[in-house]
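Here is a friendly walk through one protein model. Keep the viewer open beside the text and look up each residue as you read.

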Amino acid sequence: MLSYRHGYHAGNHADVLKHWVEVLCIQYMKQKDKPFCYVDSHAGAGLYALFEGFAVKTGEAKQGIGRLWAQKKVPDVFRDYMATVRTFNEKTLKYYPGSPAIAAQLLREDDRLRLVEMHSSDVNLLEQNLGEDPRVKVISGDGFEQIRALLPPSARRGLVLIDPPYELNEDYQYVLQGVQEGLKRFATGTFLIWYPLLSTTASQKFSGQLQKLHGNWLNVQLKVSVKPYGHGMYGSGMFIINPPWLLRDQLLEGLPYLVKLLAQDDAAEFTLEASPAP
Ligand code: SAM
């Protein structure tokens, strides 16, 4: 029984980091005039209303995308991300696009989206939100199994987002196995792995475990508050395998701004690590 619903967290600081990186990677893939496939192994509902239901209960978006939305001007490196969010809104920020809606907005006619979701309510919403798009296939099932089934994509170019809830401790292990399997089938693919920063042992050692899977990676962490003693998420990370070559510079350009904007206290900071040069 799955209890996690992304609607509670849509547009929070973790979504901002994740989706900003997603947009930068998609834009890079589009520089080549060849189609590619976007695979989202844990897709969620696709699009979220911020003025009703889950999102209102937590108000998390106000501390995330709400802070960026309130800026008159954002640095260039956030321009495409914010332009994408704007396409779902008019003057007021009412909707937040999840990773599938962001990808659908940016991908081209010949590109393809494969969206996997396990929660029956979210699969239905995903189908309603994006199912009619001829480039999209919504798959109801286990994202970790589907990584194996969907890779390599027939286009032989692809971006794979792995974004589970990590409610179960096993998720960390499943991600490591999924990435290993994915790389066996699709060694040249770009893999984007989101993970929470928590004080648990599983979370603390996770990026070190990811680093052992491949020789070409970037690991970015955005901490928005002081590391808690309890169970709360104090930030999140994105681990990128086979990153676009410009991504490191783009992250370095945008992260100081993001830290300042999304900080909850003076402990906010970012770290950016890269694999050692071959
Ligand atoms: N990627 C989405 C985005 O950025 O908009 C958010 C995804 S949310 C963090 C994680 C999603 O994974 C939830 O909707 C949850 O129902 C789903 N989920 C949990 N376990 C899953 C599994 N084994 N396979 C596929 N989806 C799963």
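The report below covers the largest pocket, the nonpolar core, one helix and a few single residues.

This is a predicted model, in which local features need pLDDT of at least 70, side-chain atom pairs count only at pLDDT 80 or more, and totals for chains, interfaces and linings use all residues. Residues are numbered from 1 along each chain as its sequence is written, and side-chain values use heavy atoms, with hydrogens and water left out.

**The largest pocket**

A pocket here is an open set of points on a 1 Å grid over the protein atoms alone, where a 1.4 Å probe fits and protein lies on both sides within 12 Å along at least five of seven lines; lining residues have an atom within 4 Å of a point. The largest pocket holds about 1000 Å³ of space, a volume being the space filled by probe spheres set on the points. Its lining counts 49 residues, and Tyr4, Pro164, Pro165, Tyr166 and Glu167 lie nearest the centre. Sorted by class, 19 of the lining residues are nonpolar, 19 polar and 11 charged; Ala, Val, Leu, Ile, Met, Phe, Trp, Tyr, Cys and Pro count as nonpolar, Asp, Glu, Lys and Arg as charged, and the others, Gly among them, as polar.

Helices (H or I, at least four residues) and strands (E, at least two) are DSSP runs, numbered from the N terminus. At least two lining residues come from each of α1 (13-29), β4 (112-117), α8 (143-150), α9 (170-185) and β7 (190-197). The most come from α9, which gives five.

**The nonpolar core**

Buried means under 20% relative accessible area, exposed over 50%, and partly exposed in between, with a 1.4 Å probe and protein chains only. A nonpolar core joins buried Ala, Val, Leu, Ile, Met, Phe, Trp, Tyr and Cys residues through side-chain atoms within 4.5 Å. The largest one has 88 residues, and Trp20, Ile65, Tyr81 and Ile193 have the most contacts inside it. Its largest share, 10 residues, comes from α1.

Contact means heavy atoms within 4.5 Å. Leaving aside neighbours within four places in sequence, the contacts of Ile65 include Gly11, Val16, Leu50 and Tyr81. Leu262, in helix α11, touches residues including His13, Val16, Gln63 and Leu222, not counting those up to four places away in sequence.

**Helix α7**

In α7 (residues 120-130), the buried residues are Asp122, Val123, Leu126 and Leu130. They lie on the same side of α7 because they cover an arc of only 105° around the axis, taken from the directions from the helix axis to the C-beta atoms. An α-helix has 3.6 residues a turn, so residues three or four places apart point the same way. Ser120 and Gln128 are exposed on the other side of α7. The buried residues of α7 pack against α6 (99-106), β4 and β5 (136-140).

**Loop residues and backbone**

Leu151 and Pro152 are joined by a cis peptide bond with omega of about -5°, and Pro152 lies in the loop between α8 and β6 (158-162). Tyr166 has a positive phi near 55° and is a residue other than glycine. Asn242, also not a glycine, has a positive phi of about 55°.

| Residue | Loop | Relative accessibility |
|---|---|---|
| Tyr166 | between β6 and α9 | 6%, buried |
| Asn242 | between β9 (235-241) and α11 (247-262) | 15%, buried |
| Pro134 | between α7 and β5 | 78%, exposed |
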